[in-house]
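Open the model in your viewer and show it as a cartoon. The stops below say what to select and what is found there.

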Amino acid sequence: MSNLLRRLATVSTLPLLAAGASCALASENPRYRTTQHDFGGVGLLQTPTARMAPAGEFSFNANRTSPYSRYSISVQPLPWLESTIRYIAISNINYGDEGFSDQSLKDKAIDAKFRLWQESRWLPQVALGFRDIGGTGLFSSEFIVANKRFYDLDFSLGVAWGYIGNRGDFGNPLSLISDSFDDRARNDDPGGTLNTSSYFSGRPALFGGIEYQTPWDNVRLKLEVEGNDYQSEPFRNNQAQDHPVNLGVLYSLGSNVDLTAAWERGNTAMFGITLRSNVKSVQRPPKLLDPAPEPRRPLPAGVSGADVDWANISQRLEDNAGIAVESIAVNGDEVVITGQQTTYPSDAEGMSRAARVLDNSLGEGSYDWYTLVHKPYGMALNQTSVNAQTLREYERFETDRRALRYGMENAVPSVRQGGEVYNGELDRANAGLALGYRQNVGGPDSFILYQFLLRANGQFYFDRNKWLDGTVGINLLNNYDKFEYDGPSNLPRVRTDLRQYLTSSDVQLNRLQYTQTEQINRDWFGMAYAGLLEDMYGGIGAEVLYRPHGVDWAVGVDVNWVKQRGYRQDFSFHDYSTLTGHVTGYLRTGFHDVLIKGSVGRYLAGDIGGTIDLSRRFRNGFEFGGWATFTDVSKEEFGEGSFDKGVYLRVPFDAFFLSSTKSVGTLSWNPLTRDGGAKLWRNYELYRLTQDRDLDRFDNSFQNLTR
């Protein structure tokens, strides 16, 4: 080990001995927020640290250190889990053989880092990490790193195998367990396997450094000694390194933008930018375009049902509380509203607005309880009852939110006979326009292939549980003139004909589907559908779901016969057809709001296997998730990537608009389009249509309760 490394190791252990209570308090100071390193994820420059960003953190990073340009997105779905997806452009190596592409080589990777334990008064924070765990493995590495803070100085020290530790300072201690840890296989073949056999193998190296928070809150200095000597680079693209010490400065432009400049390898400049946000802490903007809750008027004397203009109340419930009323019934001292919340993501907000409307019309004394039966798409999922007097006391600050929640009841909708005083008319048709965007990243034709569209959407309801809806996409702007490459496939081309679907027509009928839902009994729900189900497939299908009220699990089955659509996305079809379907289980773990979704069944190419999907939903509606699919298709048949995988972010539009909306958008990324493990893209799934059965959603929505 060099003298420099010995000095670093000695200095890095000082906080373990000197840090006391004052040091622990310093680590909680918001001045010491985390920053990203070159590869994406919390760290210094080339090296990661054991620090974790706050849960919900979302960062986009871009930087350049010749010959590498790196683009990454790093997310923190859980306090102890960091995940990163990354593209690296190797500018001095071509994508393929001469004539195949004029692009530089692009490498795709996924990283993960796990916090093993948090920093305490005497012990450091420790993390275990894996770089490039699923992909080519060109930059793969495994590491263990520890951090300890001493006021404005944060020290890190770690040991790494693989890319981060390519210098190989000492023999692998794991060789005492097995000789298989002696040597690390070099991977120059982009086959896309997990490469688990190479984990923690080869000679490791030490790395570490110091991050200094200067007296200026927006300036930090970073000093590190890295464990890579750049003499084992992918494709033998070795780089000169004058010394292993890297020095950088980070300047923060406000709370969302970081600029970094550094001198790395002793001879190369690095410049980078990070755009960051925390989706967990995103607050709803003031809803300036929403109607104000009806002002509280002096309560009239109690009136009987015969004296009430129920049609007027129904209209006000829709206009002010967002409830499309199906019916209103009176049972003794209870008023029961059956309908669907169409506007407010917070059911509690809609409930409090509805209660104000009822109070202003019905007065005090005749009706003690207001009940809202949530019945979206013709399925009665849940009913919420609130004591009218308790709600009045809450609005007068005579009771708190907790007491109000305890005074509200959630239950399975009961079957009532008679008492109806009003039946609402069905709003049969609606339509709208929206801008659309889609992209394909990292291909040989261009790093980003993009398209902007104008989307026309329309629905027609034959009944509350029967409707026809469709989407037409009109091309506005794209660079698909560069889109020439069709990915290879050893299976039926169920997805890899993507280019033809995107480039064959400027006007595309993306979907035209008839859907019918049915509540079979108290806990069983059904759905059938037919038509042009998605961009590439049309056909018929059905789904049933068993979801008991208020429990944390559900089980569903879907079966679909589909036929491949023509490339122009009109009413034409190709010859290929198949039967596909899955049995799916859902489990809300109660652990950081994580949902586990597991499916087994038959996929579009006829392969058999399963998909595991993990997601975390925050109280404000943002959701991080990722999936992986493994089928009986071999790695050789599947091709690059070995198995289907990806990540997604669901974004509630309510977090950005000045008017309330229940609309949600999904941003997804999977590194490659392949035919193995391909699922039918179903626009409606019963688990999401029945989300009102999840009582935690109602509890979480109390943060938006109005007074």
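Begin with the barrel. In this predicted model, 12 strands close into a barrel, in the order β1-β2-β3-β4-β5-β6-β7-β8-β9-β10-β11-β12, and their pairing is antiparallel. From one strand to the next, the twist averages 20°. As background, strands of a sheet pair through backbone hydrogen bonds, either parallel or antiparallel.

Now select residues 257–264, which are strand β11, together with residues 268–278, which are strand β12. Eight bridges pair these two strands in the antiparallel sense. To see one facing pair, pick T260 and look across to β12, where G272 stands opposite.

**A pair of helices**

Next, select helix α4 (residues 347–362) and helix α5 (residues 388–395). How far apart are the axes of α4 and α5, and at what angle do the helices pack? The axes lie 11 Å apart, and the angle is about 105°. Angles of 65 to 115 degrees count as roughly perpendicular, so α4 is roughly perpendicular to α5.

Show the side chains where the helices meet. On the α4 side, the contact is made by S352, A355, R356 and D359. On the α5 side, the residues are A388, L391, R392 and E395. Sorted by class, the contact of α4 with α5 has three nonpolar residues, one polar and four charged. Their spacing can be compared with a general rule: an α-helix has 3.6 residues a turn, so residues three or four places apart point the same way.

Stay with α4 for a moment. This helix has 16 residues and reaches 22 Å from its first C-alpha to its last, close to the 22 Å expected at 1.5 Å a residue. Is α4 mostly covered or mostly exposed? It is mostly covered, with 16 of its 16 residues buried. Just after α4, select G363, which has a positive phi near 75°.

**Strands β22, β23 and β24**

Move on to strand β22 (residues 507–519) and strand β23 (residues 524–532), which run antiparallel and are joined by eight bridges. A hairpin of four residues leads from β22 to β23. Select T515 and find Y529 opposite in β23.

Keep Y529 selected and look towards strand β24, where its bridge partner is G541. Strand β24 covers residues 537–546 and pairs with β23 over eight bridges, in the antiparallel sense. β23 and β24 also form a hairpin, with four residues between them.

**Strands β25, β26 and β27**

Select strand β25 (residues 553–565) and strand β26 (residues 573–588); they run antiparallel, and 12 bridges join them. V555 has its bridge partner in β26, namely G585. Then add strand β27 (residues 594–602), which runs antiparallel to β26 and is joined to it by eight bridges. G585 has a bridge partner here as well: G598 in β27.

The hairpin of β26 and β27 has five residues between the strands, and in this hairpin G590 takes a positive phi near 75°.

The last stop is H582, found in strand β26. Why does H582 count as buried? Its relative accessible area is 5%, and buried means under 20%. Leaving aside neighbours within four places in sequence, H582 is in contact with G556, V557, D558, S599, V600, G601, R602, Y603 and K679. Show these residues around H582 to finish the tour.

Technical notes: Residues are numbered from 1 along each chain as its sequence is written. This is a predicted model: local features need pLDDT of at least 70, side-chain atom pairs count only at pLDDT 80 or more; totals for chains, interfaces and linings use all residues. Side-chain values use heavy atoms; hydrogens and water are left out. Two strands pair if DSSP finds at least two bridges between them. Axes are lines fitted to C-alpha atoms, for helices over the stretch in contact, and angles run from 0 to 180 degrees between N-to-C directions. Angles under 35 degrees count as roughly parallel, over 145 as roughly antiparallel, 65 to 115 as roughly perpendicular and the rest as oblique. Contact means heavy atoms within 4.5 Å. Ala, Val, Leu, Ile, Met, Phe, Trp, Tyr, Cys and Pro count as nonpolar, Asp, Glu, Lys and Arg as charged, and the others, Gly among them, as polar. The expected span of a helix is 1.5 Å times one less than its number of residues. Buried means under 20% relative accessible area, exposed over 50%, partly exposed in between (1.4 Å probe, protein chains only).
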